[in-house]
Amino acid sequence: MSYVARKPANAELQPREQVYGENPLEDRETDLYRDEYVMSFVEKWDELIDWDARAQSEGQFFIDVLRARGKETVLDVATGTGFHSVRLTEAGFNVTSADGSAAMLAKAFDNSQQRGLILKTVHADWRWLNRDINGKYDAIICLGNSFTHLHEEADRRRALAEFYAALKHDGILILDQRNYDTMLDQGFQSKHKYYYCGDKVTAEPEYIDDGLVRFKYSFPDGSDYTLNMCPIRKNYMRKLLSESGFARVRTYGDFQETYAESEPDFFVHVAEKSTLHLVRWGGGTRDNGETDVRDIAEDYYDSNDADTFYSTIWGGEDLHIGLYDETSDIRVASNATIERMVEQLPELNADTRLLDLGAGYGGAMRKLVERSGCSATCLNISETQNDTNRYRNRRAGVADRIKVVHGVFEDIPEADASYDVVWSQDAILHSDQRQTVLQEAWRVLKPGGHFIFTDPMQADDVPEGMLQPVYDRLNLTSLGSFRFYREAARSIGFEILAQDDMTSQLRTHYARVREELLANYDALIENNASAGYLDKMALGLENWVKAADAGHLAWGIQLFRKPD
């Protein structure tokens, strides 16, 4: 059913020519969009979009983000000609399609009918959104650079307030924008063509200043159209989202977590209305008044600082300690750890099922799946890392064999005796219930299955208080030890097959990471890491090196087996 409420909406279907004032560069009013999206332009819009090319560029990104967070009802507030509304409807979401342009809505409705669908449409201006819609939604999407039609800050803040009010308490807003930072800073040398333009259509800026980017769209028949947009910067947009009440904002460059600031054509912001730790893990504040360490770990790895640092310096694909016997390169050394662990396992094949506890960006599982044809599940507490993991799995062509799950080690959301191998690299230290983690690994392993893992640990005997500087880097309260894991594993029933003491590798790894951090300090700042975070990280890494030199830390590959 289509809801078109006011008579002026019908009038918008009539004009064929765009209307600007005597000097179009002075037309910087939010309401201008009504005169820009005339029917003759709208009828050509799909030549510009190229639905197939856009679908290929985006992949499953938005679908994955919504599904991973359990969202079902979606309000598409910038429907345009219906591309995202149709894709999400076909993917099984309950979509309501809204737009301020009646011409766009009419075209979207026609497009959906041609694909055997009927869109639920609402003609609505964002500034009065909740007047025209019914109920609240799990998610709102505002895509296609649409938000930058708002030229006045008061309109931007009002629209975001309306979006916030239209979301359920745990809702998310997905909003994108062009990379105006590069346009403003580098001018016409970077024209950033629309990455999903039709082959014979051009879309590029013909005028830029701090308050206006005038885009020109040229079509094969010789016709030209223009749009006047406000070039809002990425960090300004993030600030607006935070000031509008959103609890967490993640920013992607062309559907990737990591990017050089000048490279993406688009930034995509995923803003959460609330973080809801308590609902997800039963976390929050414990009876003793302490904060749940899982919440601390999640917030830490979801932060822009941590994501920039780990993806750039620590290894990118792999976030674990490496083996430096034959290399000083962090990424090569990290891969060597994976190879050494695989050597200790029975041969992997297409029937093998692996579960990675604390998968990070998923590099280890991608390597093993690509090599052996096995299937894997990546369990990880950071949805920021999970989104990147899913994207890289799609890019590598293994998304059908790797499941990415947002969850915690102490309550693994998998069936009993369902995995051949449980794998973990340098992640269990984040739990203060390590005995429970081992019990969960035992539960999900098949009889005869193997649990192989590494974990930064303390030595078996360390004087009281000596490791506090080490704990402080990651807000830890304790560390395991070889003795702890050996005794805990035996009490559960595991056979101890190997505990290889390789502590010297930990010392080398933390020293190398610190060297790379300091060498790339300025580049990390440019890529949105804060000086405060980097300075604390440099000090924390130095404390880990000193503790290793003092004989207070331990690390190595451990292999346990669940008896037949």
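This passage walks through the overall make-up of a predicted model, then one of its sheets and one residue in a loop.

The model is predicted, so local features need pLDDT of at least 70 and side-chain atom pairs count only at pLDDT 80 or more, while totals for chains, interfaces and linings use all residues. Residues are numbered from 1 along each chain as its sequence is written, and side-chain values use heavy atoms, with hydrogens and water left out.

The protein chain holds 24 helices and 20 strands; these are DSSP runs numbered from the N terminus, with at least four residues for a helix (H or I) and at least two for a strand (E). Of its 564 residues, 59% are buried, that is, under 20% relative accessible area with a 1.4 Å probe, counting protein chains only.

One open sheet is made of 3 strands in the order E7-E8-E9, with antiparallel pairing; two strands pair if DSSP finds at least two bridges between them. Strand E7 (202–209) and strand E9 (224–229) stand at the edges with a single partner strand each, so one side of each has no neighbour in the sheet. Strand E7 and strand E8 (residues 212–218) pair over 7 bridges in the antiparallel sense, and Asp209 stands opposite Leu212 in E8.

A helpful residue to look up next is Thr352, in the loop between helix H16 (330–343) and strand E12 (353–357). Thr352 is buried, with a relative accessible area of 8%. Neighbours within four places in sequence aside, Thr352 is in contact with Glu347, Cys374, Ser375 and Asp420, where contact means heavy atoms within 4.5 Å.

Definitions and conventions: Buried means under 20% relative accessible area, exposed over 50%, partly exposed in between (1.4 Å probe, protein chains only).
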